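Thanks, everyone, for making the time this morning. I would like to walk you through one model, so please have a look at it before I go on.

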Amino acid sequence: MTRLTKTLLSTGLAALALAAAPAPALADGPIVQTAEAAKAAFEQDRQTILAMAGDFKVTFDMQESTPWMAGYTPLERKISGGYESVRVIEDTGTRIVLQHLLVTGDEANPYVVKHWRQDWEYEPDVILAYKGGDTWELTPVPEKMRAGRWSQTVYQVDDSPRYAGWGEWEVTQGIRRWRSNWTARPLARRDAIRGPVYDHYMGINRHQLTPTGWIHWQDNTKMITPAEGGDPKPVVQEYVLNTYERFDGYNVAAAETYWDKTRAYWDAVRAKWDAVAEAHGGIRIAQEAGAGTTIANDLLTLADAIKDGKETSAAASAKAVALIEAGTSGKGG
């Protein structure tokens, strides 16, 4: 066999092997292929988000797992639960707002707690992202990460911000799910009241429907910011699985009554938080370990006063707006 023959043979075999090798998988493939596909995907996304509304029995399953810091002992697993009514309180087509109402107590003596809120926005330009301490900032979404994607912004019980992220609804292994980018968030009250060594979380959120409801799965790395400065350090991994099973065997009417009586008040509260963020490019509000913001208890108490007929919605709304104005201007307390 001549040297030329060997060269041609080896080159041909190499080319054949290269052609037969599978192409590398794209890390993030095209969102849509055609205008029709884009419209269909958008409508399917909307229906998936709207399907998270309803009445549910909820299980909260939290577990610290891998310690990333020497000498740290993970907390024991904690499982709790309750009942939640989730209502669509706004739907403009490209923006959907879901309000969670936690129903406690028994059938005869229910008590409703305005729980968390999730706002979904299609192809967002900015998100209200947590920046550490007492600060949230309106932060641009990278332009290449807008097309076909939705942001989710989560708010605390008093409608102050908690965290925000963006991601794509997609189907993998036959399951439709939404996964966020890495998002920063302040400590949850369950951790903040313990005075832990970590001071914030970096997490990925996943939402997906199930045959009987939906799940919210959080993959959290609990972080500490060095006192001397520098990059935050990981302390421990935490996995949180919140499972929503459709169920109406609790006092759903109590949630409906609470929201009917207080909705106008909470509309005014949300509008004020939005106005502050727009005016200042974000929100700065002092936090309190057991309550979230330092004004959370006052805002919730005003809502209860409306529900109990001790305060008009207009009067309570004016007081709430003043509390938010003072708290976000540094003049509170």
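Let me begin with a question: is the crossing in which α4 passes α6 left-handed or right-handed? In this model, which I should stress is a predicted one, α4 passes α6 in a right-handed crossing. Helix α4, residues 252-280, and helix α6, residues 313-329, pack with their axes 9 Å apart and at an angle of about 25 degrees, which makes α4 roughly parallel to α6, since angles under 35 degrees are counted that way. On the α4 side the contact is made by A264, Y265, A268, V269, K272, W273 and V276, while α6 brings S313, A316, S317, A320, V321, I324, E325 and T328. Sorted by character, the residues of this contact comprise 10 nonpolar, three polar and two charged.

Turning to the interior, the largest nonpolar core has 33 residues, and those that touch the most other members are Y265, W266, W273 and L299. At least two residues of this core come from each of β3 (95-105), β5 (126-132), α4, α5 (296-307) and α6, with α4 giving the most, 11 residues. If we set aside its neighbours within four places in sequence, W273 contacts D158, D159, S160, I283, I285, I295, L299, I324 and T328. Apart from this core lies another, of 23 residues, among them I49, M62, L98 and W169.

Finally, a word on E168, which lies in strand β8, residues 161-172. E168 counts as buried because its relative accessibility is 15%, and its C-alpha atom is separated by 6.9 Å from that of G148, 20 residues apart along the chain.

Key: Residues are numbered from 1 along each chain as its sequence is written. This is a predicted model: local features need pLDDT of at least 70, side-chain atom pairs count only at pLDDT 80 or more; totals for chains, interfaces and linings use all residues. Side-chain values use heavy atoms; hydrogens and water are left out. Axes are lines fitted to C-alpha atoms, for helices over the stretch in contact, and angles run from 0 to 180 degrees between N-to-C directions. Helices (H or I, at least four residues) and strands (E, at least two) are DSSP runs, numbered from the N terminus. Angles under 35 degrees count as roughly parallel, over 145 as roughly antiparallel, 65 to 115 as roughly perpendicular and the rest as oblique. A crossing is left-handed if the near helix is turned anticlockwise from the far one by less than a right angle, and right-handed if clockwise. Contact means heavy atoms within 4.5 Å. Ala, Val, Leu, Ile, Met, Phe, Trp, Tyr, Cys and Pro count as nonpolar, Asp, Glu, Lys and Arg as charged, and the others, Gly among them, as polar. Buried means under 20% relative accessible area, exposed over 50%, partly exposed in between (1.4 Å probe, protein chains only). A nonpolar core is a set of buried Ala, Val, Leu, Ile, Met, Phe, Trp, Tyr and Cys residues joined through side-chain atoms within 4.5 Å.
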